[in-house]
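Here are some exercises to work through with the model open beside you. Try each task before you read its solution.

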Amino acid sequence: MSCENVQELVSSLLDQNGSAGERQNALAHIEGCRECSAHYESMMQMRASLREMAPPAIPAHLRANLRDLAAQERIRHMARRSVPARLHNWVSSFQIRCDNLMRPVALPFAGGVLSAILLFGMWIPTITATPRTYGVDVSAPIFTDPSLNLNRSNPVPHGPNVVVQLIIDERGKVADYLVIQGQDSQELRNFILFSNWNPGTFFGKPTWGTALWSREEIQVKG
Amino acid sequence: MATSIIDLSSDRTAEACAGSEDLRLVDELRDGVERAYEELLTRFQQPVFALAFRLLNDQSEAGDVVQEVFLKVFRNIGSFRGQSTLKTWIYRITVNEAHNARRWFFRHRRREVELDIDPEESRNWKETIPDRTRSPYEEAVDREQHQMIEAALEKINPIFREAVVLRDITDLSYEEIAEVLGVSLGTVKSRILRGREALRDQLAGSMKSRPAMKLVPKTAE
């Protein structure tokens, strides 16, 4: 067996490969040949060094990435197994996308709505007025009291001082009256019977109302 | 003789067990069992990373390849027919992906400057705890030796490197290597032989080019 043949068989010797007879012949040659022995030794040492090399440690971030990958692929696999699973996956992915889309605007939107409600609630009471049923105060634009129609057709009352509370209907006629101060007289009744009144209004429409009317005799001295 | 028969039968039993274990794992993966995904990662993430790293000699490239490999495994597990073992199937994907990555690297990234962080800094706290069982001198020698081997591996033809790595580092049999590389048994033997010789030549060359350290004894004056 030549050195060239033996050196080609060294690799098979290292791996315990090839026929037993071939290996025995090669080993016998190696024992007697210095060059082939050195070659065999160097190959054995190199192989031992290769085997002793510590496996490189897998980086922690790669482990984490692989776990994420496995989880995603499992979900993908499960979602594609049947038509209902596929539909469910589509719906859930659509919901997730909508959620992700709305999440950045949800807080500003909610804040805007709440502040709008708050401001509107503060502004509304300033424009609403409480309707008044009666009174002698300055009439509000919503409710007006009946007032005496100051034209020439009204009779001019004479007599002593008198204060009368009148109930005026929606046509401006006196429905009832009550003498609060002074004496009731025929002249007063004539006045009440023939006087014309502007009826009270509620949101522009004529309505029943009460009015106070008084007559004071002006006495001129001198 | 009796011993060899017993050994053969025990080997076959072990192979049958591994095969049935693989089939169970594959069935569970097809059913989407969460535990199976974890088991696959636990069994194969370290050897696949080691193989990719030895083939590419670049940690970040190896990481990308490992992710691609597992993506392909998860997506194509349905096409695994059990004609080979799960290990050789996954290793075959790894070798192909490493080959693609190397080709892509030579086309696109040859002129890029490496900006990756130092792997020493990226290690977690468990990896930074010193091993008290070995002396610093032994560690330094080992590290230097491994660096030389890695450098020599990088210099040999990738075709031969694949064969040597699969045989001497990953410890696959000739038949398994033939399955992984998709070549005949004779081609595997030839590649391993040529790869080992090329590696030995590279190592011999690097040893010659290094300046020898001389220890000069001195007496105190």
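**Exercise 1. The overall make-up of chain A**

What percentage of the 222 residues of chain A count as buried? Then work out the order of helices and strands along the chain.

Solution. Bear in mind from the start that this is a predicted model. Of the 222 residues of chain A, 14% count as buried. Next, go through the secondary structure: chain A has six helices and eight strands. Their order along the sequence is α-α-α-α-α-β-β-β-β-α-β-β-β-β. Finally, look at the contacts in chain A between residues at least 6 apart in sequence: 60% of these join residues at least 24 apart.

**Exercise 2. Two packed helices**

Describe how helix 1 and helix 3 of chain A pack against each other.

Solution. Two numbers are needed here, since a packed pair of helices is described by the angle between the axes and the distance between them. For helix 1 and helix 3 of chain A, the angle is about 25° and the axes are 10 Å apart. Angles under 35 degrees count as roughly parallel, and helix 1 and helix 3 of chain A are therefore roughly parallel to each other. The crossing of helix 1 and helix 3 of chain A is right-handed. Now pick out the residues in contact: helix 1 of chain A contributes A:Cys3, A:Val6, A:Gln7, A:Val10 and A:Leu14, while helix 3 of chain A brings A:Glu35, A:Cys36, A:His39, A:Tyr40, A:Met43, A:Met44 and A:Arg47. Sorted by class, the contact of helix 1 with helix 3 of chain A holds eight nonpolar, two polar and two charged residues.

**Exercise 3. The side facing chain B**

Which helix of chain A gives the most residues to the side that touches chain B?

Solution. Begin with the totals: 28 residues of chain A are in contact with 33 residues of chain B. Helix 1 (3-14), helix 3 (34-52) and helix 4 (60-79) of chain A each supply at least two residues of the side of chain A that touches chain B. Helix 4 of chain A gives the most, with 12 residues. By class, that side of chain A has 15 nonpolar, six polar and seven charged residues.

**Exercise 4. A sheet and its edges**

Find the order of strands 1, 6 and 7 in their sheet, and explain what sets the edge strands apart.

Solution. In chain A, these three strands form an open sheet in the order 1-6-7, with antiparallel pairing. Strand 1 (143-144) and strand 7 (205-207) of chain A each have a single partner strand, so one side of each is left without a neighbour in the sheet. To check one pairing, follow strand 6 (residues 200-202) of chain A: three bridges join strand 6 to strand 7. Within this pair, A:Gly200 stands opposite A:Thr207.

Terms used:
Residues are numbered from 1 along each chain as its sequence is written. Chains are lettered from A and ligands numbered from 1 in the order in which they are written. This is a predicted model: local features need pLDDT of at least 70, side-chain atom pairs count only at pLDDT 80 or more; totals for chains, interfaces and linings use all residues. Two strands pair if DSSP finds at least two bridges between them. Helices (H or I, at least four residues) and strands (E, at least two) are DSSP runs, numbered from the N terminus. Two residues are in contact if their C-beta atoms, placed from the backbone, lie within 7 Å. Ala, Val, Leu, Ile, Met, Phe, Trp, Tyr, Cys and Pro count as nonpolar, Asp, Glu, Lys and Arg as charged, and the others, Gly among them, as polar. Axes are lines fitted to C-alpha atoms, for helices over the stretch in contact, and angles run from 0 to 180 degrees between N-to-C directions. Angles under 35 degrees count as roughly parallel, over 145 as roughly antiparallel, 65 to 115 as roughly perpendicular and the rest as oblique. A crossing is left-handed if the near helix is turned anticlockwise from the far one by less than a right angle, and right-handed if clockwise. A residue is buried if 20 or more other C-beta atoms lie within 10 Å of its own, exposed if 12 or fewer, and partly exposed in between; C-beta atoms are placed from the backbone.
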